[in-house]
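Work through the exercises below with the predicted model open. Each task is followed by a solution in steps.

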Amino acid sequence: MWYRADMKTIVQDGDPVLRALASEVTEDMFNTPELNHVVADMVEALDVELDGVAIAAPQIGVSLRIFVVRYDRLYPAPPSGPLPADIGVYINPVFVRASRRREEMDEGCLSVRGIYGKTYRNQRATVRARTVDGGTFERGGGGVLAQVFQHEIDHLDGVLFIDHAIDMYEIRRGARDGQEEKVAIEPNESDMEIESDDQAEVNSNKSHE
Ligand SMILES: [Zn+2]
């Protein structure tokens, strides 16, 4: 059966697969139904997460160096409605360039549900990767796309954004009134050297990767 109808659940923080160093996709795996299955499962899992902009294979429990981006979700949908799905598949991605300049970004993760924080990400980054049929391509991006590249390649190396984020907080939904509540999370000692005067703002356009 080439198509699996079961909905892929997204692995949550605490599962060892998120902390493993994912394996390279080997030459014999390109152009196979198996590799296409993994990518299709990732696309499917991401599709139903309406605030998700990207997903890495370990997030569906597959320890391979693959991530998928929804370019159409990098920015809030225009007033005319959501854009059609525009999907990028990156296999064995590596950075070929990154800007020295870094910027503070708001960040969340489909595998660390409800937790948000600020990270410092290179403003621009260029990634070289393979396609499912084994081709090679490069794509550069700035801002949110550069952030996505860094967040996803971190996943392939067993790193989560909460390992280095600052100003972290949790969004909890009140049991009685259903109102969202923002609860600050005490920073790790390793975050103490970074100073920030900014208060994290709750906004309605949270993206998850
Ligand atoms: Zn993530």
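**Exercise 1. Asn92 and Asp167**

Task: Find which strand holds Asn92, and decide whether Asn92 counts as buried, partly exposed or exposed. Then treat Asp167 likewise.

Solution.
- Step 1. Asn92 lies in strand E3.
- Step 2. The phi of Asn92 is near 50°, a positive value in a residue that is not glycine. Most residues other than glycine have a negative phi.
- Step 3. Burial requires 20 or more other C-beta atoms within 10 Å. Asn92 has 18 C-beta neighbours inside 10 Å, so it counts as partly exposed.
- Step 4. Asp167 belongs to strand E8 and also has a positive phi, of about 50°, without being a glycine.
- Step 5. Asp167 has 20 C-beta neighbours inside 10 Å and therefore counts as buried.

**Exercise 2. The order of elements**

Task: State how many helices and strands the chain has, and in what order the elements run from the N terminus.

Solution.
- Step 1. The chain contains 2 helices and 9 strands.
- Step 2. Read from the N terminus, the order is α-β-β-β-β-β-β-β-α-β-β.
- Step 3. Of the contacts with a separation of 6 or more, 66% join residues 24 or more positions apart.
- Step 4. Of the 209 residues, 31% count as buried.

**Exercise 3. The sheet of 5 strands**

Task: Give the strand order of the open sheet of 5 strands, and say which strands stand at its edges.

Solution.
- Step 1. The order is E1-E2-E3-E6-E7, and the pairing is antiparallel.
- Step 2. E1 and E7 each have a single partner strand, so one side of each has no neighbour in the sheet.
- Step 3. From one strand to the next, the twist averages 40°.
- Step 4. At the E1 edge, 3 bridges join E1 to E2, and Ala54 stands opposite Val69 in E2.
- Step 5. At the E7 edge, E6 (residues 124-130) and E7 (residues 136-142) pair over 7 bridges. Ala125 has Gly141 in E7 as its bridge partner.
- Step 6. The hairpin of E6 and E7 has 5 residues between the strands, and its Gly134 takes a positive phi near 100°.
- Step 7. Helix H1 lies across E1, E2 and E3, at about 40° to E2.

**Exercise 4. The sheet of 4 strands and helix H2**

Task: Describe the open sheet of 4 strands, then explain why H2 is largely enclosed by the rest of the structure.

Solution.
- Step 1. The strand order is E4-E5-E8-E9, with antiparallel pairing.
- Step 2. Strands E4 (102-107) and E9 (180-184) are the edges; each has a single partner strand, so one side of each is left without a neighbour in the sheet.
- Step 3. The twist averages 30° from one strand to the next.
- Step 4. E4 pairs with E5 (residues 115-122) over 6 bridges, and Glu107 has Gly117 as its bridge partner in E5.
- Step 5. H2 (residues 144-156) lies across E4 and E5, running at about 105° to E5.
- Step 6. The span of H2 from first C-alpha to last is 18 Å, close to the 18 Å expected.
- Step 7. Because 11 of the 13 residues of H2 are buried, the helix is largely enclosed by the rest of the structure. Among the buried residues are Leu145, Phe149, Glu152 and His155.
- Step 8. Just after H2, Gly158 has a positive phi of about 80°.

**Exercise 5. The largest nonpolar core**

Task: Identify which residues touch the most other members of the largest nonpolar core, and which element supplies the largest share.

Solution.
- Step 1. The core has 38 residues; Met42, Ile55, Ala57, Ile66 and Phe67 touch the most other members.
- Step 2. Elements that each supply at least two residues include H1 (33-47), E3 (87-98), H2 and E8 (166-173).
- Step 3. H2 provides the largest share, 6 residues.
- Step 4. Not counting residues up to four places away in sequence, Ala57 touches Ala22, Val38, Met42, Val62, Leu64 and Ile66.

**Exercise 6. Confidence**

Task: State the mean pLDDT of the chain, and find where pLDDT stays under 50.

Solution.
- Step 1. The mean pLDDT is 88, and 86% of the residues reach 70 or more.
- Step 2. Residues 1-5 stay under 50, with 3 contacts beyond four places in sequence.
- Step 3. Residues 194-204 are also below 50, and this stretch has 10 contacts beyond near neighbours in sequence.
- Step 4. Where pLDDT is low, the predicted coordinates should not be read in detail.

Conventions:
Residues are numbered from 1 along each chain as its sequence is written. This is a predicted model: local features need pLDDT of at least 70, side-chain atom pairs count only at pLDDT 80 or more; totals for chains, interfaces and linings use all residues. A residue is buried if 20 or more other C-beta atoms lie within 10 Å of its own, exposed if 12 or fewer, and partly exposed in between; C-beta atoms are placed from the backbone. Two residues are in contact if their C-beta atoms, placed from the backbone, lie within 7 Å. Two strands pair if DSSP finds at least two bridges between them. Axes are lines fitted to C-alpha atoms, for helices over the stretch in contact, and angles run from 0 to 180 degrees between N-to-C directions. The expected span of a helix is 1.5 Å times one less than its number of residues. pLDDT is the predictor's confidence in each residue, from 0 to 100. A nonpolar core is a set of buried Ala, Val, Leu, Ile, Met, Phe, Trp, Tyr and Cys residues joined through C-beta atoms within 7 Å.
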